[in-house]
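Please open the structure in your viewer and keep the selection panel at hand. The tour below proposes a series of selections and says what is found at each of them.

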Amino acid sequence: MNVVVIGGGVIGLYCALELLGEGVGVTVIDDGPRPGTATPVSAGWVVPSLSAPLSGPGVAGKLARQIVDRRCAFGIRPAPPARLARWLWEFARSGTDQRHRAGLRAVLSLANDSVDAFRKLSAAEEGMEMHHTGVLLTAREPRGLSEAVALLEEARAEGYSGDFEILDQEALVRREPALAPNVLGAVHARAEAHLQPETLRSALIDMVGSAGALRYEGTAVQGVERADDGRWNVVTSQYAVTADRVVIAAGVWSTRLLDQLGVPVPLLSGTGHTVTAEGMSSPPRHALKLMEPNIAIAPFNDGVRIAGRFELGGPGDHTSRRSAGRLLRAAAPYLKRWDPSHVHAERAGMRPATPDSMPLIGRVPGAPGVFAATGHGMLGLTLAPGTASALAPLVVRGTESEVLRPFALDRFRRRDGTGRERPGERSLSA
Ligand SMILES: Cc1cc2nc3c(=O)[nH]c(=O)nc-3n(C[C@H](O)[C@H](O)[C@H](O)COP(=O)(O)OP(=O)(O)OC[C@H]3O[C@@H](n4cnc5c(N)ncnc54)[C@H](O)[C@@H]3O)c2cc1C
């Protein structure tokens with residue numbers, strides 16, 4: 001069997017690795033990483049504890065208030081109005097307590113084993129940088145601290161298996177001396193890890209290459225077309241590869257390929273920005289989630305990465321000086337003992353974001369032999385191993401998995417009272 005994987009971000013590469021483990025031939029086609037690719041820009045956290053969907057009771061109103069303030073964590077970028085409206089409508093609809101909790105349980109079932117999976121990978125690949133210091137959810141205000149505790153308690157109630165510890169001001173500054181003495185406290189999710197995303201990507205490329213995958217780089221897939229013999233032609237500007245099975249794992253760009261197959265999905269870009277800097281004095285030793293500005297910090301061997309913002313809508317593939325400055329200013333009050341003196345990378349990445357914060361994994365309806373693995377939003381690294389291990393048996397042997405049921409692509413199809421699809425659905429999302 002020959003499987004073509006479209007996309008060489010963390011999801012495509014992890015799927016390729018797992019498919020090779022199933023003993024099939026794998027070809028990975030990637031045209032980049034193109035500007036705005038999410039994987040290399042990410043903060044590298046592997047955080048099952050943070051599996052909660054963004055949507056939830058009361059969240060829609062809170063985000064609406066944030067849209068008007070550029071300093072806040074959430075923003076909107078210009079996008080086709082119908083597409084944006086549908087996304088926001090689905091987002092609001094998925095914000096019930098019941099759907100929020102069901103989403104959390106489903107995502108946890110993909111995420112819970114990811115630290116172990118990456119631990120094994122890093123043991124096999126010397127150059128892969130991974131740190132096992134956990135994540136400190138750090139707050140300066142009582143409300144931020146309560147939110148941090150609530151996040152972890154909710155995750156535990158729905159199946160998160162790692163432990164966590166609540167630290168007061170004194171204990172926190174002892175544990176993480178880079179923090180300013182005026183932080184109030186933190187929750188330490190000790191089982192979590194972070195890894196340097198560029199080293200992860202190189203490790204995965206090495207592994208799929210040495211396991212025998214063919215890799216084509218630098219050419220964009222233009223479409224996936226049915227061949228006369230029932231197989232699929234994956235067409236680029238220069239060549240076509242015929243495949244028994246196809247996995248679309250092209251991040252935020254997957255929408256175009258899915259649209260062509262007649263399966264529109266409400267997937268939009270959630271642009272985030274990162275700054276990587278070296279600094280004076282002591283850098284943080286732990287990954288830090290700064291609760292009030294909602295910023296992620298990850299200390300790597302080559303500098304500290306600061307990541308933030310979620311700009312929903314149209315493409316955002318570069319970071320302005322102003323966005324980078326905003327991130328540094330928001331982080332500064334927490335890091336009084338670390339002063340970023342040399343910024344060596346400012347980048348933007350597009351998270352492939354679904355309205356219910358749950359990925360799209362499984363069969364592409366109406367296209368037998370074509371599968372999708374995208375829409376991992378803020379958690380693509382965390383969910384890559386779980387996604388790949390659940391998807392590969394489905395692709396190769398048709399083995400359906402209960403774990404994948406909540407992530408089916410047709411969950412957003414609108415139906416009328418009779419269960420039939422409503423007319424006009426395609427034009428709404430185009
Ligand atoms: C600022 C930021 C911080 C983040 N931090 C974290 C974190 O700490 N932990 C975590 O778990 N997640 C994090 N994420 C989310 C995570 O990075 C993404 O969910 C994940 O990288 C998505 O991976 P992907 O493979 O689906 O897409 P991408 O990484 O975007 O890869 C898609 C690939 O497909 C290729 N491609 C697209 N279209 C085509 C085509 N037509 N033909 C050929 N190739 C094509 C592109 O060139 C690209 O290489 C973060 C994201 C951002 C932006």
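In which loop is the place of Pro33? Select Pro33 and follow the backbone to either side: this residue sits in the loop between E2 and E3. Bear in mind throughout that the model is a predicted one. Now display the peptide bond that joins Gly32 and Pro33, which is cis, with an omega of about 10 degrees. Most peptide bonds are trans, and most residues other than glycine have a negative phi.

A second backbone feature can be reached by selecting Asn294, which lies in the loop between strand E16 (287-290) and strand E17 (295-300). The phi of Asn294 is near 55 degrees, a positive value in a residue that is not glycine.

**The ligand and its shell**

Centre the view on the ligand and select the 42 residues around it, among which Gly9, Gly32, Gly251, Gly272 and Gly380 come nearest. Gly32, one of these five, is also the residue joined to Pro33 by the cis peptide bond. If you colour the shell by secondary structure, you will find that helix H1 (10-21), strand E2 (25-30), strand E15 (268-281), strand E19 (338-353) and helix H11 (380-397) each contribute at least two residues to the shell. Colouring by residue class instead divides the shell into 20 nonpolar, 18 polar and four charged residues.

**Two helices against H11**

Keep H11 on display and add H1: the axes of these two helices come within 8 Å and cross at roughly 40 degrees, which makes H1 oblique to H11. The crossing of H1 and H11 is right-handed. To show the contact, select Val10, Ile11, Tyr14, Cys15, Leu17, Glu18 and Leu19 on the side of H1, and on the side of H11 select Gly380, Leu381, Ala384, Pro385, Thr387, Ala388, Ser389, Leu391, Ala392, Val395 and Val396. The residues in this contact of H1 with H11 comprise 14 nonpolar, three polar and one charged.

Next add helix H5 (residues 114-124), which packs with H11 at an angle of about 85 degrees, the two axes being 9 Å apart; that angle makes H5 roughly perpendicular to H11. Here Ser114, Ala117 and Phe118 of H5 meet Thr382, Pro385 and Gly386 of H11. The contact of H5 with H11 is made up of three nonpolar and three polar residues, with no charged ones. Pro385 belongs both to the contact with H1 and to the contact with H5.

**Sheets and a hairpin**

Hide the helices and select the three strands that form an open sheet in the order E3-E9-E5, with antiparallel pairing. Strand E3 (45-46) and strand E5 (130-131) stand at its edges with a single partner strand each, so one side of each is left without a neighbour in the sheet. Between E5 and strand E9 (residues 193-195) there are two bridges in the antiparallel sense, and the partner of Met130 in E9 is Leu195.

Another open sheet of three strands appears when you select E11-E12-E13, in that order and again with antiparallel pairing. Its edge strands are strand E11 (221-226) and strand E13 (240-243), each of which pairs on one side only, and neighbouring strands of this sheet are turned against each other by 20 degrees on average, direction ignored. Strand E12 (residues 232-236) pairs with E13 over four antiparallel bridges, and within this pair Asn233 stands opposite Thr242 of E13.

Finish with strand E20 (residues 360-363) and strand E21 (residues 370-374), which run antiparallel and are joined by four bridges. Select Ile361 to see Ala373 of E21 opposite this residue. How many residues lie between E20 and E21 in the hairpin that they form? There are six, and Gly366 in the turn has a positive phi of about 80 degrees.

Technical notes. Residues are numbered from 1 along each chain as its sequence is written. This is a predicted model: local features need pLDDT of at least 70, side-chain atom pairs count only at pLDDT 80 or more; totals for chains, interfaces and linings use all residues. A residue is near a molecule or strand if its C-beta atom, placed from the backbone, lies within 6 Å of it. Ala, Val, Leu, Ile, Met, Phe, Trp, Tyr, Cys and Pro count as nonpolar, Asp, Glu, Lys and Arg as charged, and the others, Gly among them, as polar. Two strands pair if DSSP finds at least two bridges between them. Axes are lines fitted to C-alpha atoms, for helices over the stretch in contact, and angles run from 0 to 180 degrees between N-to-C directions. Angles under 35 degrees count as roughly parallel, over 145 as roughly antiparallel, 65 to 115 as roughly perpendicular and the rest as oblique. A crossing is left-handed if the near helix is turned anticlockwise from the far one by less than a right angle, and right-handed if clockwise. Two residues are in contact if their C-beta atoms, placed from the backbone, lie within 7 Å.
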